[in-house]
Amino acid sequence: MSSSILINITRPPTPDCEALEYALAMAAFDIEVKILFSGRGIDWLNAGQASRKLGGKSPAKLLAALPMYGIDDIAVAGGPATSDESPKTFDTCQTISQQQAANWARDAHHVVSF
Amino acid sequence: MRFIRATLESDYSIKRIFFYGDAVLAANRLQTPPQGQKSIAQSWAELAEEISIPLHACIANSVRRGIVDEREAERYNLGVSSIHPSFTLTGLGEMAEVVHDSEKMVQF
């Protein structure tokens, strides 16, 4: 049986995007990955973000790569993204209820938070 | 560390201890703690020896933070390794393998 992991991102983007690197790596090793953004974590979804350090990876490009790694379950928990006034236009991301988010956590073999 | 000891006393087994993100700084052998305190790296090393469980630090996260073994020190021309000898630099593939094989992953 394949393993599954829910990656719960609650903090804003970091210069090295280690949360998304972790997600991509797990998917590359055939682990079923779901990603849930909540709290300040939804700041990852601001469209068109550049890298946060010289020569670094941009959150937007890493987010765009998720479906190519088979990561299709990407969601914001608990309603519309509202951490700031910026538009959130990462269109692969769905909005799910808190109950659905709880179900994702229940159904995953492992849950990690960043 | 208390959780690890309690887990083993409860007849569970632990496959790996994996350091990711800023946690890799625990592997820095060059820490010089205040007098009377033990370095975090040394504390982990003693625990790992006691329970015979390997300590793995994510190689990409470590190199970014200046935690390198001799091989990486040579590759990046840094002159000296900074990782405590009880830690091993590994890729996320190692972690994925353990994720596959483990009933539960616990994060701190």
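Good morning. Read along its sequence, chain A follows the pattern β-α-β-α-β-β-α-β. Put as a count, chain A has three helices and five strands. Please keep in mind throughout that this is a predicted model.

Let me begin with chain A as a whole. It has 114 residues, and buried residues make up 33% of them. Consider next the contacts in chain A with a separation of 6 or more: 73% of these join residues that are 24 or more positions apart.

I turn now to the interior. In soluble globular proteins, nonpolar side chains tend to be buried together. Here, the largest nonpolar core has 48 residues. The residues with the most contacts inside this core are A:Ile7, A:Ala23, A:Met26, A:Val33 and A:Ile35. Which element provides the largest share of the core? That element is helix H1 of chain A, residues 18–28, which contributes six residues.

One of the core residues just named, A:Val33, deserves a closer look. Setting aside residues up to four places away in sequence, A:Val33 touches A:Ile5, A:Ile7, A:Ala23, A:Met26, A:Ala27 and A:Ile71.

Next, two strands of chain A, with one residue from each. A:Leu6 is found in strand E1, residues 4–9. Is A:Leu6 buried or exposed? A residue is buried if 20 or more other C-beta atoms lie within 10 Å of its own. A:Leu6 has 21 C-beta neighbours inside 10 Å, and therefore counts as buried. Apart from neighbours within four places in sequence, A:Leu6 is in contact with A:Lys34, A:Leu36, A:Trp104, A:Ala105, A:Ala108 and A:Val111. Please also note A:Asp107, which is 101 residues from A:Leu6 along the chain, while the C-alpha atoms of the two are separated by 8.9 Å.

The second residue is A:Val76, which lies in strand E3, residues 73–77. A:Val76 counts as buried because it has 24 C-beta neighbours inside 10 Å. Its partner for our purposes is A:Ala101: the two are 25 residues apart in sequence, and 8.6 Å apart in space from C-alpha to C-alpha.

Finally, I come to chain B. How many of the eight residues in helix H1 of chain B, residues 2–9, are buried? The number is zero, so this helix lies largely in the open. H1(B) is followed by B:Asp11, whose phi is positive, near 70°.

To close, I would ask you to locate two elements in the structure above: helix H1 of chain A, which gives the core its largest share, and helix H1 of chain B, which lies largely in the open because none of its eight residues is buried. Thank you.

Methods: Residues numbered from 1 in each chain as written. Chains lettered and ligands numbered in written order. Predicted model: local features only at pLDDT ≥ 70, side-chain atom pairs only at ≥ 80, totals over all residues. Helix = DSSP H or I, 4+ residues; strand = E, 2+ residues; numbered from the N terminus. Buried ≥ 20, exposed ≤ 12 C-beta atoms within 10 Å, placed from the backbone. Contact = placed C-beta atoms within 7 Å. Core = buried A, V, L, I, M, F, W, Y, C linked by C-beta atoms within 7 Å.
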